[in-house]
Amino acid sequence: MSENANWPLWEVFISSKAGMSHKHAGSLRAADAKMAIENARDVYTRRSEGTSIWVVKTNEVFASDPNDADAFFDPANTKAYRHPTFYVIPDGVKNM
Amino acid sequence: MNQNLYKYLIRLGDDSLIIGHRLSEWCGHGPILEEDIALTNFALDFIGQAQSILEYAGKVEGAGRDADDLAYLRYEHDFRNALLVEQPNGDFALTMMRQFLFDAFRKPLFEALTKSSDEQVAAIAEKSLKETKYHLKHSSEWIIRLGDGTEESHKRTQDALDTLWRYTDELFYEDETDKALEAAGIIPSISKIKEEWEKTVNNVLTEATLTLPTNGWSYGKGRAGLHSENLGYILAEMQYLQRAYPGAKW
């Protein structure tokens, strides 16, 4: 299986409906972007999960450092006023 | 009953059933996990097509047989698939070449059948066409990758083409059944389908840097029920359960 390791890893994002955001679905291996999209179609949308696919090379994704989590995320904890929960959402608004 | 329509549906349905079974043999053996899933998806697409086509064939026949009876209880000589689809999987290049040569035939065929004067045939073609377009895209891209790939992949793909080429003529087999159905507007003229097939095959094989075999020798009497020894093995596996436990359900 060593030759498979030469194929880059890709992250797959699927949008379930037109206009909805693309959500991370998983990862796969493919020789190039075209093959990655087709593989994503076969691996992640076979039960009608999607209407649109994005793929991005895993090594092009930059992540925050878990060691910095305290400084990054904790300051947001005590700021309840930032949550938009003080409004009543009209009945007509969907997808919120 | 319309004997000609029944015969034609059996040919169409058996092609789908047998190539679907061949692809299902890849399940768990694909070259990579992603392709394994793709091949299994295609197998299911083809078996789904066979189910609706044979179900309709049973209705047209009017003898009370359903799709399962036709798939599991007919003998080898009653099958009317082309020899191309029963050829063994071989290596991945051979499977993809068999798939490509077949998909390139099925796409223009289903496109034309969507305009069939028989509503049920048109509806089946409409549904199958979407799947077929994707199958053709997938198999074409693999042929181009493999043909225009490494020295070894090129050689294996060329060998596959040389092995399978003799079975392609049979896809365009035409007899009085086809002519009667064509006159009734139920099926298209096979010569038009052949033209489109040749165009697709030429384009893809050229891009894949492969050479069209010049050997004009062709073989195939599958439409008359004369098969290679391969079909017997396929049916033995496919029909075993219904033969051993008639009427078994789960």
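The following questions and answers go through salt bridges, surface patches, backbone angles and contacts in a predicted model.

Student: How many salt bridges are there over all chains in this predicted model?
Tutor: Side chains of opposite charge can pair when their charged atoms come close. The rule applied here asks for a side-chain nitrogen of Lys or Arg within 4 Å of a carboxyl oxygen of Asp or Glu. Over all chains, the count by this rule comes to 16.

Student: Which residue of chain A meets Glu141(B) in a salt bridge, and in which helix does that residue lie?
Tutor: The pair crosses between chains, and on the chain B side Glu141(B) belongs to helix H6, residues 119–147. With a relative accessibility of 13%, Glu141(B) counts as buried because the cut-off for that class is under 20%. Its partner is partly exposed at 47%, and the N to O distance between the two side chains is 3.7 Å. That partner, in helix H1 (residues 33–44) of chain A, is Lys34(A).

Student: Is Asp42(A), which meets Arg41(A) in a salt bridge, buried or exposed?
Tutor: The side chains of Asp42(A) and Arg41(A) come together with an N to O distance of 2.7 Å. Arg41(A) has a relative accessibility of 29% and is therefore partly exposed. Asp42(A), by contrast, has a relative accessible area of 0%, which places it among residues that are buried.

Student: Which residues are joined into one network by salt bridges that share partners, and what is the N to O distance between Glu61(B) and Arg65(B)?
Tutor: In chain B, Glu61(B) is buried, with a relative accessible area of 16%, while Arg65(B) is partly exposed at 29%. The N to O distance in the salt bridge of these two side chains is 2.8 Å. The network made by shared partners consists of Lys34(A), Glu38(A), Lys137(B) and Glu141(B).

Student: Which residues of chain B are in contact with Asn39(A), once its neighbours within four places in sequence are left aside?
Tutor: Asn39(A) lies in helix H1 of chain A, and at 1% relative accessibility it counts as buried. Within chain A, Asn39(A) is in contact with Leu28(A), Arg29(A) and Ala30(A). From chain B, the contacts of Asn39(A) are Ile32(B) and Glu34(B).

Student: What is the C-alpha to C-alpha distance between Thr45(A) and Ala25(A)?
Tutor: Thr45(A) is placed in the loop between H1 and S3 of chain A, and a relative accessibility of 16% makes it buried. Leaving aside neighbours within four places in sequence, its contacts are Ile14(A), Ala40(A), Gly50(A) and Ile53(A). Thr45(A) and Ala25(A) are 20 residues apart in sequence, and their C-alpha atoms are separated in space by 9.6 Å.

Student: What is the phi of Ser48(A), and what is the phi of Thr209(B)?
Tutor: Most residues other than glycine have a negative phi. Ser48(A), in the loop between H1 and S3 of chain A, is exposed at 68% relative accessibility, whereas Thr209(B), in the loop between helix H9 (190–207) and helix H10 (229–244) of chain B, is partly exposed at 38%. Neither is a glycine, yet both have a positive phi. The value for Ser48(A) is about 60°, and that for Thr209(B) is about 55°.

Student: Which residues gather with Asp65(A) in a patch of negative charge on the surface?
Tutor: Asp65(A) has its place in the loop between strand S3 (52–57) and helix H2 (69–73) of chain A. Its relative accessible area of 35% makes it partly exposed. The residues that gather with Asp65(A) in the patch are Asp68(A), Asp70(A) and Asp74(A).

Student: What is the area of the nonpolar surface patch to which Trp250(B) belongs?
Tutor: Trp250(B) sits in the segment after H10 of chain B, and with 88% relative accessibility it counts as exposed. The patch is made by Trp250(B) together with Tyr240(B), Leu241(B) and Tyr245(B), and its area is about 590 Å².

Student: Which residues are in contact with Ala112(B), leaving aside its neighbours within four places in sequence?
Tutor: Ala112(B) lies in helix H5 (residues 92–113) of chain B and is partly exposed, with a relative accessible area of 22%. The C-alpha atoms of Ala112(B) and Ser189(B) are separated by 9.0 Å, although the two are 77 residues apart along the chain. The contacts of Ala112(B) are Pro188(B) and Ile193(B).

Conventions: Residues numbered from 1 in each chain as written. Chains lettered and ligands numbered in written order. Predicted model: local features only at pLDDT ≥ 70, side-chain atom pairs only at ≥ 80, totals over all residues. Heavy atoms only, no water. Patch = residues over 30% accessible without salt bridge, like charges linked within 9 Å, V, L, I, M, F, W, Y side chains within 5 Å. Areas by Shrake-Rupley, 256 points an atom, 1.4 Å probe, with all protein chains shown as cover. Lys, Arg positive; Asp, Glu negative; His and termini not counted. Charge placed at Lys NZ, Arg CZ, Asp CG, Glu CD. Helix = DSSP H or I, 4+ residues; strand = E, 2+ residues; numbered from the N terminus. Buried < 20%, exposed > 50% of the residue type's maximum accessible area, 1.4 Å probe, protein only. Contact = heavy atoms within 4.5 Å.
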